[in-house]
Amino acid sequence: MKKTIKDVDLKNKVVLMRVDFNVPMKDGVITDVNRIVQALPTIEYAIEHDAKVVLLSHLGRVKEEADKAKNSLAPVAKKLEELSGHKVVFVNKTRGEEVENAIKAMAPRDIVMLENTRFEDLDGKKESKNDPELGKYWASLGEVFVNDAFGTAHRAAASNVGIASNIKDTVAGFLMEKEIKFIGGAVDSPVRPFVAILGGAKVSDKISVIESLIKKADKILICGAMAYTFYKALGYEVGTSKCELDFVDFAKGLLEKANGRIVLPLDTVVAKEFDENAESIVVDSDKIPSDMMGLDIGPKTLELFKKQLEGAKTVVWNGPAGVFEFEKFAKGTNGICKILAELKGAITIIGGGDSAAAAIKLGYEDKFTHISTGGGASLEYLEGKVLPGIDCINDKKCTCGHCGND
Ligand code: ADP
Ligand code: MG
């Protein structure tokens with residue numbers, strides 16, 4: 001068990017908080033404030049407990065001087081002020097006197113935000129490569145470190161692992177705590193039956209996830225373009241569908257290993273072109289015409305998946321069922337959202353950037369137990385990897401007496 005912000009005394013302390021403010025921007029305007037909104041509960045908790053809150057985050061990539069202007073956190077500081085109702089003092093530096101003076105001048109309940117941590121990447125990738133001096137410097141500015149940036153937890157940077165290595169108390173924020181509880185919980189000790197739904201673009205992107213989940217899940221439902229590589233493994237015609245010939249043998253091996261626990265779609269929606277208005281028909285999985293491509297799962301598959309999910313207690317879903325970006329081919333993804341939304345007594349978790357975006361776009365944001373905020377991080381977590389940004393958080397002794405963490 002990891003310590004959380006609730007396990008440390010914050011009163012009058014300078015609390016360094018690594019948040020994920022890597023928001024999408026267009027021409028200096030934030031196009032989606034979700035990441036800022038998601039960070040508010042942890043910030044609010046720290047303020048309520050009389051902390052001096054110093055926020056650190058990266059934004060985009062900073063490879064050359066010219067990247068600085070478009071990746072400044074200044075607009076984010078403004079937006080945070082608006083959304084939180086608190087004054088935010090923005091320092092357009094990542095180190096030095098101005099930073100130190102701004103922190104010295106803080107009273108409890110104040111918020112200071114530093115400039116994009118990746119501005120330090122211009123000089124030898126100090127942030128991204130976890131330069132030991134930089135982590136030590138940032139750690140020296142505060143007394144407690146709260147890591148709430150799950151989205152970057154799969155990479156060791158100066159602003160997560162670097163600070164944690166140089167400060168006594170490193171704890172999780174509420175967002176991080178939720179990711180650990182749900183994704184970590186599903187991977188480590190799922191309440192069974194545990195069903196995984198895997199879709200998306202490629203088998204090759206998801207090899208480690210499939211291999212990890214096949215060991216743990218009671219069933220794996222395959223959908224998305226990934227299904228066609230499995231069809232090919234069964235010797236079916238896949239037409240012009242997205243299919244990875246180099247991974248057909250891998251898929252064959254998985255089908256053997258899974259011993260019937262892998263469930264493939266029964267039917268598929270096919271079209272001649274990859275187009276949002278393409279004319280489409282539904283065919284059985286083994287009847288894909290040679291000049292057509294599969295772009296979604298069909299209604300029989302949704303019925304089958306619904307049956308397979310009956311009684312499930314934990315469901316992890318990664319990868320859309322079809323090309324959901326086109327409304328016409330979003331029915332499968334929408335159908336799975338609906339089935340999971342109506343599933344009673346189950347923990348339902350979405351991991352993966354596009355899958356989360358699909359569920360939110362289709363209006364199911366509040367219908368899941370947890371929609372992960374990390375793309376790459378949630379995938380690596382589902383793979384069963386130890387994420388450095390989580391690993392660096394201090395452990396908490398458990399008092400339950402039977403989990404072994406005491
Ligand atoms: P995630 O980001 O959730 O891990 P992926 O990146 O693996 O998911 O896959 C998402 C992409 O898969 C989407 O852009 C979607 O259009 C695509 N996709 C799903 N089904 C198909 C299909 N049948 N043919 C082509 N692309 C597909
Ligand atoms: Mg993706």
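**Thr-301**

I started with Thr-301, which is buried: its relative accessible area comes out at 0%. This is a predicted model, so I read everything below as a property of the prediction. I placed Thr-301 in helix 11, which covers residues 299-309. Next I asked what its side chain pairs with. The side chains of Thr-301 and Asp-267 are joined by a polar contact of 2.5 Å. I then listed what Thr-301 touches once neighbours within four places in sequence are left aside, and got Pro-265, Leu-266 and Asp-267. Asp-267 therefore turns up twice in my notes on this buried threonine, as polar partner and as contact, with Thr-301 itself at 0%.

**Ligand 1**

I moved on to the ligand. Which residues come nearest to ligand 1? I count 19 residues around it, and Lys-206, Gly-294, Glu-325, Asp-354 and Ser-355 come nearest. By class, the shell divides into 6 nonpolar, 9 polar and 4 charged residues.

Then I wanted to know which elements supply the shell. Strand 14 (293-297) and helix 13 (353-361) each give at least two residues. Helix 13 has the largest share, with 3 residues.

I also looked up polar atoms facing the ligand, and wrote down three cases.

- A polar side-chain atom of Asn-318 sits 3.2 Å from an oxygen atom of ligand 1.
- For Ala-225 the backbone is involved: one of its polar backbone atoms is 3.3 Å from a nitrogen atom of the ligand.
- Gly-353 also uses a polar backbone atom, at 3.5 Å from an oxygen atom of ligand 1.

How much of the ligand does the protein bury? Taken alone, ligand 1 exposes 590 Å², and the protein buries 88% of that.

**Aromatic pairs**

I searched the whole structure for aromatic pairs and got 6. The one I looked at in detail is Phe-150 with Tyr-381, a tilted pair with 5.9 Å centre to centre and 50° between the planes. It links distant parts of the chain, since the two residues are 231 apart. Phe-150 belongs to the loop between strand 7 (144-147) and helix 6 (158-164), while Tyr-381 is in helix 14 (residues 376-382). Buried or exposed, I wondered, for Phe-150 and Tyr-381? Both Phe-150 and Tyr-381 are buried.

I also noted one aromatic cluster, made up of Tyr-228, Tyr-231 and Tyr-236.

**Asp-169**

I looked up Asp-169 next and found it in strand 8 (residues 169-172). With a relative accessible area of 14%, Asp-169 counts as buried, because the cut-off is under 20%. What does Asp-169 touch, not counting residues up to four places away in sequence? I got Lys-3, Val-8, Val-144, Phe-145 and Asn-394.

**Asn-92**

Asn-92 is in the loop between strand 5 (88-91) and helix 4 (97-104). I have it as partly exposed, with a relative accessible area of 47%. Leaving aside neighbours within four places in sequence, Asn-92 is in contact with Glu-98 and Glu-115. I also checked its C-alpha distance to Ala-74: the separation is 7.5 Å, for two residues 18 apart along the chain.

**Backbone oddities**

Last, I went through the backbone. Most residues other than glycine have a negative phi, and most peptide bonds are trans, so I wrote down the exceptions.

The peptide bond joining Arg-192 and Pro-193 is cis, with omega about 0°. Pro-193 lies in the loop between helix 7 (174-188) and strand 9 (194-198).

Asn-130 is not a glycine, yet I read a positive phi of about 50° for it. It is placed in the loop between strand 6 (111-114) and helix 5 (132-140). At a relative accessible area of 21%, Asn-130 is partly exposed, because buried would need under 20%.

Asn-259 also has a positive phi, near 55°. I found Asn-259 in the loop between helix 10 (248-258) and strand 11 (262-263). Its relative accessible area is 67%, so Asn-259 is exposed, the cut-off being over 50%.

Methods. Residues numbered from 1 in each chain as written. Chains lettered and ligands numbered in written order. Predicted model: local features only at pLDDT ≥ 70, side-chain atom pairs only at ≥ 80, totals over all residues. Heavy atoms only, no water. Near = heavy atom within 4 Å. Polar contact = N/O pair within 3.5 Å; in protein donor to acceptor, adjacent residues only side chain to side chain. Areas by Shrake-Rupley, 256 points an atom, 1.4 Å probe, with all protein chains shown as cover. Helix = DSSP H or I, 4+ residues; strand = E, 2+ residues; numbered from the N terminus. Nonpolar A, V, L, I, M, F, W, Y, C, P; charged D, E, K, R; others polar. Buried < 20%, exposed > 50% of the residue type's maximum accessible area, 1.4 Å probe, protein only. Contact = heavy atoms within 4.5 Å. Phe/Tyr/Trp six-rings, centres within 6.5 Å; stacked < 30°, edge-to-face > 60°.
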